Structure formats: structure tokens, C-alpha cells
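Thanks for coming. I will go through one structure this morning, starting with a term I need and then moving from the whole chain to single residues.

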Amino acid sequence: MTCTFNKWVRARIFQVGQLVLKHVFPHQDEYKGKFAPNWQGPYIVHKVLSVGAVILTKKEDQEWPKAINSVTIKRNYA
């Protein structure tokens, strides 16, 4: 069973300096309704933590106040 699970699940590995998009959830202040975009960004990965969390910065070097789970971000291919 573990072999089947590992066959489909891929680890999300981010590196410092990558451009990413952050998912906007309905309970957040940035949520504007169901017709608004679901992703914010691009952000730059500032620091990668060992638990699967990432600290983001904007292009103006404003650091995000909290660590973001790597499940809620995706790469931005610009």
C-alpha cells in the first residue's frame, strides 16, 4: 500500500529565490468573493524551513509575517 501511495505523491521542493503563487482561502482577509482570482503573487521564496514550510517575500523585500505551508503555494512559471 505504501508503494502505491508513493508512486502518485510527489514532494514539493522549493528553493530560495523561486517565484511562487500563494493560494487565497475564503476565510482570509484578501478574499474578495467567488469571482476573484484564487492565487496571489508572484512572491519570492525567502527561506525554506525543514517542516515543509516556506517564508515568502514580495518583490519590494517585504517579508510575509508568517510561515506558509508548501501545500498552499505553487511555482510561478513566468
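A residue is called buried when its relative accessible area is under 20%. Take V24 as the example: its relative accessible area is 6%, so V24 is buried. V24 sits in the loop between β1, residues 19–23, and β2, residues 39–48. From V24 to T72 the C-alpha distance is 8.6 Å, although 48 residues separate the two in sequence.

Before going on, please keep in mind that this is a predicted model. The mean pLDDT of the chain is 84, and 94% of the residues reach 70 or more. Among the elements, β5 has the highest mean pLDDT, 93, and helix α1, residues 2–8, has the lowest, 84.

Now the overall picture. The chain contains one helix and five strands. Read from the N terminus, the order of elements is α-β-β-β-β-β. The C-alpha trace spans about 40 × 30 × 25 Å along its principal axes. There are 78 residues in the chain, and 23% of them are buried. The accessible surface is about 6,300 Å², with 57% of that belonging to carbon and sulfur atoms. Of the contacts between residues at least 6 apart in sequence, 45% join residues at least 24 apart.

Next, the sheet. In what order do the five strands lie in the open sheet? The order is β4-β3-β2-β1-β5, and the pairing is antiparallel. The edge strands are β4, residues 68–69, and β5, residues 73–75, each of which pairs on one side only.

I will take some of the pairings in turn. β1 and β2 are antiparallel and share four bridges; one bridge partner pair is H23 with W39 in β2. On to β1 and β5, which also run antiparallel, joined by three bridges. Here K22 stands opposite I73 in β5. Finally, β3 and β4 run antiparallel with two bridges between them, and A53 stands opposite N69 in β4.

One detail in β2 deserves a stop. Most peptide bonds are trans. The bond from G41 to P42 is cis, with omega near 10 degrees. P42 lies in strand β2.

Now the interior. Which residues form the largest nonpolar core? There are nine of them: F14, V20, Y43, V45, V54, L56, W64, I68 and I73. The elements that give two or more residues to this core are β2 and β3. As background, nonpolar side chains in soluble globular proteins tend to be buried together.

I68 is a core member whose contacts we can list. Not counting residues up to four places away in sequence, I68 touches K22, G52, A53, V54, L56 and I73. Of these, V54, L56 and I73 are also in the core. K22 and I73 came up earlier, as residues standing opposite each other across β1 and β5.

The last residue is T57. Is T57 buried or exposed? Its relative accessibility is 8%, so T57 counts as buried. T57 lies in strand β3, residues 53–57. Leaving aside neighbours within four places in sequence, T57 is in contact with Y43, I44, H46, Q62 and E63. One of these, Y43, belongs to the nonpolar core.

To recap: one helix and five strands, an open sheet ordered β4-β3-β2-β1-β5, and a largest nonpolar core of nine residues. That is what I have for today.

Terms used
Residues are numbered from 1 along each chain as its sequence is written. This is a predicted model: local features need pLDDT of at least 70, side-chain atom pairs count only at pLDDT 80 or more; totals for chains, interfaces and linings use all residues. Side-chain values use heavy atoms; hydrogens and water are left out. Buried means under 20% relative accessible area, exposed over 50%, partly exposed in between (1.4 Å probe, protein chains only). Contact means heavy atoms within 4.5 Å. Two strands pair if DSSP finds at least two bridges between them. A nonpolar core is a set of buried Ala, Val, Leu, Ile, Met, Phe, Trp, Tyr and Cys residues joined through side-chain atoms within 4.5 Å. pLDDT is the predictor's confidence in each residue, from 0 to 100. Accessible areas come from the Shrake-Rupley method with a 1.4 Å probe; for residues, only the protein chains shown count as cover.
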